[in-house]
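Me: Could you take a close look at one part of this model for me, the nonpolar core and the helix that feeds it? I'd like one connected walk-through.

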Amino acid sequence: MKSLAELEAIRNKVVSNVTMRKDDHAVRVVVGMATCGIAAGARPVMSAFVEEIAKRNLEHVSVVQTGCIGVCRLEPIVEILVPGEEKVTYVKMTPEKARQVVAEHLVNGRPIKEYTIGEADK
Amino acid sequence: MKEISLHILDIMQNSVAANASLIGLEVIEDEEKDILSFTVTDNGKGMSEELIKKVIDPFTTGRTTRKVGLGIPLTKLAAEMTGGYIKIESRLGEGTVFYAVFGYSHIDRQPLGDMAQTMHQIITSFEDVDFTYRHVVNGREFSLDTREIKKILGGVSLKENDVSLWIYEYLKDGEKEISDNKK
């Protein structure tokens with residue numbers, strides 16, 4: 001079992017690192033988590049983003065949730081907002097696609113066009 | 001919705017939307033009594049008696065972008081399919097208690113699903129809200145109180161990568177420990 005004592009050690013580590021950071025959480029990953037999103041599988045998608053981003057220690061990225069984006073038939077929907085760039089909207093996401101998006105888009109800076117909303121109905 | 005834990009996530013989002021500062025979740029699995037139940041208790045803005053009657057209707061919603069809301073009707077249907085029911089008690093300005101019970105061994109009962117993922121997600125998404133969680137499987141219990149965790153963290157965010165991962169692992173360990181107690 002994990003213990004609360006471990007958490008305290010993690011806290012101390014985080015506090016000592018926190019002063020070294022710049023432009024904190026500049027990139028946002030927004031997951032639609034209304035009833036439509038949840039029913040379509042948004043929860044495991046959001047968890048995949050959170051886990052993958054934490055494991056790669058991408059400290060400039062934050063994962064947040066939002067309500068219904070308005071195109072329920074394309075859920076789970078994820079928007080990626082990078083300052084100074086155009087918003088990218090991914091549709092019909094899965095945990096596997098989420099991990100690919102972290103690697104390709106967030107780490108390498110190359111959006112995966114085939115998963116975006118523009119390609120959805122082609 | 002394929003899992004009861006997804007209904008729970010959806011119901012807890014309602015509590016967040018009702019501006020609750022403290023949300024309690026209790027999940028009970030009791031194979032002897034043949035029930036699976038969950039209770040979401042919040043101190044949000046509450047509902048009038050009139051609204052309580054209306055929320056089980058799909059054509060009522062708190063959202064402003066359209067006029068249908070399916071969260072509570074879906075949960076009601078899932079519970080009733082197994083011989084169970086839902087109950088909502090609420091007072092304006094005081095909060096709401098949402099209770100759902102399912103027939104444990106009923107063939108149509110959805111699996112509980114991933115409670116660790118559900119709790120991790122809601123806890124880390126809404127840091128300004130405190131959560132208490134209690135899951136009991138045939139008498140064996142796992143519980144978590146975010147007030148306790150936030151006290152240890154002393155202002156460090158739950159979204160910090162290492163902290164977030166630790167909370168997820170802690171929940172997964174706890175869930176595994178009690179699920180071993182199933183018959």
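Reply: Sure, starting with the core. The largest nonpolar core (buried Ala, Val, Leu, Ile, Met, Phe, Trp, Tyr and Cys residues joined through C-beta atoms within 7 Å) has 66 residues. Buried here takes 20 or more other C-beta atoms within 10 Å of a residue's own, with C-beta atoms placed from the backbone. Those with the most contacts inside the core are A:Val31, A:Val45, A:Met46, A:Phe49, A:Val78, B:Met12 and B:Leu25. Helix 3 of chain A gives the most to this core, eight residues; helices are DSSP runs of H or I, at least four residues, numbered from the N terminus.

A word on the source: this is a predicted model, where local features need pLDDT of at least 70 and side-chain atom pairs count only at pLDDT 80 or more, while totals for chains, interfaces and linings use all residues. Residues are numbered from 1 along each chain as its sequence is written, with chains lettered from A and ligands numbered from 1 in the order in which they are written.

Back to helix 3 of chain A: its axis and that of helix 4 (residues 115-125) of chain B come within 10 Å and cross at roughly 70° (axes are lines fitted to C-alpha atoms over the stretch in contact, and angles run from 0 to 180 degrees between N-to-C directions). Therefore the two count as roughly perpendicular (65 to 115 degrees). A:Arg43, A:Pro44, A:Met46 and A:Ser47 meet B:Gln117, B:Thr118, B:His120 and B:Gln121 there, contact meaning C-beta atoms within 7 Å.

Technical notes. Angles under 35 degrees count as roughly parallel, over 145 as roughly antiparallel, 65 to 115 as roughly perpendicular and the rest as oblique. Two residues are in contact if their C-beta atoms, placed from the backbone, lie within 7 Å. A residue is buried if 20 or more other C-beta atoms lie within 10 Å of its own, exposed if 12 or fewer, and partly exposed in between; C-beta atoms are placed from the backbone.
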